[in-house]
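Morning, everyone. I have one model to walk through, and I will go from the whole chain down to single residues. Please keep the structure up while I talk.

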Amino acid sequence: MNIRAKISHFWNNPDGRTQKVNRNISYSLIIKGLGILVSLLLVPLTLDYLNPYEYGIWITLNSILTWINYFDIGLGNGLRNKLTEALAIKDYKMAQTYVSTALVLLFFIALILYVLFLILSSFVSWYNILNVESSIRNLDAIVMIVMFCLCICFAFRIIGAIFLSYQDTWVNDFLTFAGSFLSFVWIYILTYTSESSLMKVAIAFSLSPVIVYIIAFPITFFKLHKEIKPRVNAVKFKYANSLVGLGIQFFALQLSGLVIFATSNFIISKLFSPAEVTPYNIAFKYCNLVVIGFSIIISPLWSAITDAYVRKDVKWIVLSMNKMIKIWSLCSFALLLMVFISQPIFHIWIGYDVSISYSLCFSLAIYSSIYMWSILFAAYSNGTGRLKIQMITMSVGAIFFIPIAILAARHIGLIGIAYSMGAVLLIPGIALAIEYKFSIGKLKNECST
């Protein structure tokens, strides 16, 4: 088979599910590629507009406040699975009920979270929480504005879950890219029209995705997917249990993920300084390029596995998972190569103002490889709704992460944070791989009888 024939087979695969996965990967590669470019350009652009200390403050603040995304009690992921199941059997009435009910619940949760946040903020000082000098002005106001925008996005993120359920992963990627691109344009204009301002940077980054989602909402429900358009009379809270029941399990996973993935910048800021967040975050972004590429490929697999599992298509699941294991091996090798060539790339990318060691880059490469392995088998676990082992192992990792990370950071510095993340992720990584082997063997036996 020549190259042209292979491309044709990839694009027009006779298996409809595989064809959709392949096309999603192709579209997402282009969109995520552009997103990576924007993300890379945003770092020196923002560093040039602010300074390393202020940039570190923004990264830390943003990573803390985006914790709100984990408090949807798993409704986003619960909706994704339930909606995929309804669409697989073409039950659009039930699909509309799921969407309408989830949307109302998310808006209600967002309102509660913001009110609680306002009450909490009246009793705490964000200067103390973030270990920030008093010379930084309007920090409390910045926090309020960012939190307000995040609460709006909190509810509207349901749009992404809907496209994921339709196995149109690339659309969800495009929404994310559009927000990043708008932020980039906004910051670029600021560099030529105003003096350095942490407040303006916070508004640019926080309001951009809000604008994108507000535009996307009517396009999604009044043009592309009218059949599941939210309606007041379609809201049925008796189905909230089926969404929240599965969602609570995802919520437990999200909380564990919050502790492991979203606290590192905060720990660095408290143990060292906001300035130390900058080299860590830049090295993380560098290694994360491979993770993003792997995620592009793995992302359509979740809903596709749900569809295949409902239809008992074991052969497709096994073939897809085997391909992903090979891709993981290639990505891990690519990470090692990136470590060896990291220094000249950092100098070209951000100049010489920020120093990033080989050891920090290597530690984050190890973490990234382990992370990709764990999300590979989590895709099967999430798609089939088999979340018990994932919940237990992630919870164990979350319990031990902070004390291990603090201890390691005090003894070996920033690399201790990265090695700690990798260490706690080994637990679910190994357990989920074993569970997959047992689960797929059981499914084969069920289908053969």
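**The chain overall**

Let's start with the secondary structure. The protein chain has 18 helices and zero strands. Keep in mind that this is a predicted model.

How much of the chain is buried? Of its 449 residues, 55% count as buried. The accessible surface of the protein chain is about 20,300 Å². Carbon and sulfur atoms account for 67% of that surface.

Now the contacts. Take those between residues at least 6 apart in sequence: 83% of them join residues at least 24 apart.

**Helices α13 and α14**

On to helix packing. Helix α13 covers residues 274–310, and helix α14 covers residues 314–340. At what angle do α13 and α14 pack? The angle is about 175°, and the axes are 10 Å apart. Angles over 145 degrees count as roughly antiparallel, so α13 is roughly antiparallel to α14.

Who makes the contact? From α13, the residues are Y286, C287, L289, V290, F294, I297, I298, L301, A304, I305, A308 and Y309. From α14, they are W316, I317, S320, M321, M324, I327, W328, C331, L335 and M338. By class, the contact of α13 with α14 has 21 nonpolar residues, one polar and no charged.

Two residues in this contact deserve a stop. L289 sits in α13. Is L289 buried or partly exposed? With a relative accessibility of 23%, L289 counts as partly exposed. Leaving aside neighbours within four places in sequence, L289 is in contact with I36, L40 and M338. Look at L40 in particular. L289 and L40 are 249 residues apart in sequence, yet their C-alpha atoms are 9.6 Å apart in space.

Then there is M338, on the α14 side. M338 is buried, at a relative accessible area of 14%. Its contacts, again without neighbours within four places in sequence, are Y286, L289 and V290. M338 and Y286 are 52 residues apart in sequence, and 8.5 Å apart C-alpha to C-alpha.

**Helices α14 and α16**

Stay on α14 and turn to α16, residues 358–384. These two helices pack at an angle of about 175°, with axes 9 Å apart. That makes α14 roughly antiparallel to α16.

Which residues of α14 meet α16? They are I317, M321, M324, I325, W328, C331, S332, L335, L336, V339 and F340. Across from them, α16 brings Y358, C361, F362, A365, S368, S369, M372, W373, L376, F377 and Y380. By class, this contact of α14 with α16 has 19 nonpolar, three polar and no charged residues.

Let's look at two serines there. S368 is in α16, and S368 counts as buried at 4% relative accessibility. What does S368 touch? Not counting residues up to four places away in sequence, S368 touches C287, V291 and L335.

S369 lies in α16 too. S369 is buried, with a relative accessible area of 14%. Its contacts, leaving aside neighbours within four places in sequence, are W328, S332 and L335. Note that L335 appears for S368 and again for S369.

**The short helix α15**

Next, α15, which runs over residues 342–350. Which residues of α15 are buried? S342, Q343, F346, W349 and I350. Seen down the helix axis, these buried residues fall within an arc of 130°, so they line one face of α15. After α15 comes G351, with a positive phi near 80°.

**Y436 in α18**

Last stop: Y436, in helix α18, residues 415–448. Y436 is buried, because its relative accessible area is 3% and the cut-off for buried is under 20%.

What does Y436 touch? Not counting residues up to four places away in sequence, Y436 touches I317, V318, M321, F377 and Y380. I317 and M321 are among the α14 residues that meet α16. F377 and Y380 are among the α16 residues in that contact. Y436 and M321 are 115 residues apart in sequence, and 9.7 Å apart C-alpha to C-alpha.

That is the tour. Happy to rotate the view for anyone who wants another look.

Notes:
Residues numbered from 1 in each chain as written. Predicted model: local features only at pLDDT ≥ 70, side-chain atom pairs only at ≥ 80, totals over all residues. Heavy atoms only, no water. Helix = DSSP H or I, 4+ residues; strand = E, 2+ residues; numbered from the N terminus. Buried < 20%, exposed > 50% of the residue type's maximum accessible area, 1.4 Å probe, protein only. Contact = heavy atoms within 4.5 Å. Areas by Shrake-Rupley, 256 points an atom, 1.4 Å probe, with all protein chains shown as cover. Axes fitted to C-alpha atoms, helices over the stretch in contact; angles between N-to-C directions. Parallel < 35°, antiparallel > 145°, perpendicular 65-115°, else oblique. Nonpolar A, V, L, I, M, F, W, Y, C, P; charged D, E, K, R; others polar. Arc of directions from axis to C-beta.
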